[in-house]
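Me: Please take one part of this structure and look at it closely, going from its side chains to the elements around it. I would then like to see how that part fits into the rest of the chain.

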Amino acid sequence: MSVFGRLIRRGLQLRSAFEQWRGQPAPIEQQRGELDDLLATARDTAFGRHYDFAAIRCADDPVAAFQDRVPVYEYHRMEDEWWHRTRAGEADVTWPGSVPYFARSSGTSGASSKYVPMTDAMVEAFEAAGMRQVYALPAFDPPDATFQKDVLFLGGSTSLTEEHGARVGDVSGISAAQLPAWFEYGFKKPGPAISALPAWEDRLEALVREAPRWDVGIVCGVPSWVQLLFQTLIDRYDADTIHDLWPHLSVFVHGGVSFDPYRRGFAELVDRPLRMLETYVASEAYIAFQPAPDRDMAIMFDNGVFYEFVPFTDANFTDDGQIRAAPTACTIEEVEPGTPYALLVSTCAGTWRYLIGDVVKFTDTDRGEIVVAGRTQHFLNLCGEHVSGANMTDALQRVEDKIGSSIPEFTVAGVPNGDVFAHHWYLGMEDPSAGGPNPLRDVLDASVRAVNDDYGYKRDGGVLSLQVTPVPVSLFYEWMERRGRMGGQNKVPRVMKEETLADWQSFLAARGVAGEG
């Protein structure tokens, strides 16, 4: 047993215990303090003067005054009204000073890239959040040896470009340089040379080439790309599982998408179960992490972000997931367990009442613990069926159990079908012919009915039909690569619309896949 590993574990345990011992104010008090700090810091910016932050701070109820004076912003409105000035190099627009970094994000809608400001204050917040997650590691009881093994970060390229005096790149690349020196030089893989390669396929090849030299104990990344790496390594080195190459691998820190579609596939790639730590990192903020194995992710209410929660209802959102003007927004003291909420964030990067597009549900309001339920535009509501991203994932788990085969990737489109509508599912499978004696379409239909009553009513009423096309899962990754969105924080869009759907269908047709399978 490693003495050094025990020392590191003990040090992390002591730091975590100290954090708990010194105590924390209630979440609502933390949040009121965060809002006041944000307003005070940004009151002399163009944005702060426009909305009179000084007056908001002096109001009897600053939270209510803030919500009354400042409208809700989504990316394009923020970019058109304010951030285009920031990107051109102008200082003091929505946050004091010039912005040194922009996190380039493609999101999960398939739309063109977004450029989200990343200030020095936000870089520090990312660093602080990352270290909190490190302090939580002992709670998952990994072997002592884990604490002195390599940590593999499978993120985006750390290579940054220069635009108007600011550096632009993937959020993981921007934050990579902020890790402690002992971590960066002693444990972190794949190392700066490989991490800086801009093309995913080049990074993957370099990773696979160097992997046998490493002794990896922890892997961090989006499940789809980590699974692809594991499978590639197993195939390249004729291994039975990833543990043949990395026998001390015990922890997987994952985020970006639900892990459930990948669970079955991962089980086939490992010799023993990994300890799973879920984290919630967006380009706009490091939002939450899982503090213990029997708990859900906990929002950090004291780390440079003020949160609002908009009930994800027809009163607040249109049928295509667009937020309505003047939606009802709750603070942490007003939320209820089990209710889906869209997130608004105001941050130390100069985002204000900004809709990031994610939908969460609280599982414990006292501790601020959540699960991610989907995206505001990753649901289908063609005729009142209200099928959410969480419904889709739950239904596919049932399908996997029924057919005995994994479906690691999928996407759904709402399409016209004669005089009615249809949900067209594209299921990414290692064996598209899998399904056993039951037609795949019937199994999927029954599974969606089991998790969503409205869907069943619409199907029985004859106003909604179902189409299913199984495709090799490799085609999803080939399509993503063609669009320049392999690896890093990029994810396959779970719902496709308009131009993205047309591109996907054209891609499949060119490869001989079309229509319903």
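Reply: A good place to begin is E81, which counts as partly exposed at 35% relative accessibility, in what is, it should be said at once, a predicted model. The side chain of E81 meets that of R77 in a salt bridge, with N and O 3.0 Å apart, and R77 too counts as partly exposed, its relative accessibility being 31%. Both residues belong to helix α6, which spans residues 75–87, and because they lie four residues apart in that helix, about one helical turn separates them.

Helix α6 also takes part in a further set of charged pairs. E79 forms a salt bridge with R87, in which the closest N and O atoms are 3.4 Å apart. The two partners differ in their burial: E79 has a relative accessible area of 12%, under the 20% limit, and is therefore buried, whereas R87, with 24%, is partly exposed. R87 has a salt bridge with E163 as well, and here the closest N and O atoms are 3.9 Å apart. This second pair links distant parts of the chain, since R87 sits in helix α6 and E163 in strand β4 (residues 161–163), 76 residues apart. E163 is itself partly exposed, at 27% relative accessibility. Elsewhere, salt bridges with shared partners join R295, D364, R367 and E369 into one network, and the structure holds 27 salt bridges in total.

The strand that carries E163 leads to the sheet beside the helix. Four strands make up this open sheet, in the order β2-β1-β5-β4 and with mixed pairing. Its edges are formed by β2 (114–118) and β4, each of which pairs on one side only, and from one strand to the next the twist averages 35°. Within the sheet, β1 (residues 101–105) and β2 run antiparallel and are joined by five bridges; R104, for instance, has Y115 in β2 as its bridge partner. Helix α6 lies across β1, β2 and β4, and runs at about 60° to β2. A further helix, α7 (residues 120–136), packs on the sheet by touching β1 and β2, with a direction that makes about 85° with that of β2. The picture that emerges for α6 is of a helix that lies across strands of the sheet and is also tied to β4 through the salt bridge of R87 with E163.

Another four-stranded open sheet can be set beside this one. Its strands follow the order β18-β17-β16-β19, again with mixed pairing. Because the edge strands β18 (464–472) and β19 (495–496) each have a single partner strand, one side of each is left without a neighbour in the sheet. Two bridges join β19 to β16 (residues 409–417), and these two strands run parallel; V412 stands opposite V495 in β19. Packed on this sheet is helix α17 (residues 473–482), which touches β16, β17 (420–429), β18 and β19, and whose direction makes about 85° with that of β18.

A loop position gives a closer view of how separate stretches of the chain meet. N452 is placed in the loop between α15 (440–451) and α16 (453–460), yet its relative accessible area is 7%, and it therefore counts as buried. Leaving aside residues up to four places away in sequence, N452 touches E385, H386, V387 and N391. With N391 the side chain of N452 makes a polar contact of 2.9 Å to the other side chain, while the side chain of N452 also reaches the backbone nitrogen of Y455 at 2.7 Å. As a gauge of the fold around this loop, N452 and M392 are 60 residues apart in sequence, but 9.5 Å apart in space from C-alpha to C-alpha.

These local views belong to a chain with 18 helices and 19 strands, in which 55% of the 517 residues count as buried. Among contacts between residues at least 6 apart in sequence, 67% join residues at least 24 apart, and the pair of R87 and E163 described above, 76 residues apart, is one example of a link between distant parts of the chain. The accessible surface comes to about 21,600 Å², with carbon and sulfur atoms contributing 48%.

Key
Residues are numbered from 1 along each chain as its sequence is written. This is a predicted model: local features need pLDDT of at least 70, side-chain atom pairs count only at pLDDT 80 or more; totals for chains, interfaces and linings use all residues. Side-chain values use heavy atoms; hydrogens and water are left out. Buried means under 20% relative accessible area, exposed over 50%, partly exposed in between (1.4 Å probe, protein chains only). Contact means heavy atoms within 4.5 Å. A polar contact is a pair of N or O atoms within 3.5 Å; within protein, one must be able to donate a hydrogen and the other to accept it, and residues adjacent in sequence count only if both atoms are side-chain atoms. Accessible areas come from the Shrake-Rupley method with a 1.4 Å probe; for residues, only the protein chains shown count as cover. Two strands pair if DSSP finds at least two bridges between them. Axes are lines fitted to C-alpha atoms, for helices over the stretch in contact, and angles run from 0 to 180 degrees between N-to-C directions. A salt bridge is a side-chain nitrogen of Lys or Arg within 4 Å of a carboxyl oxygen of Asp or Glu.
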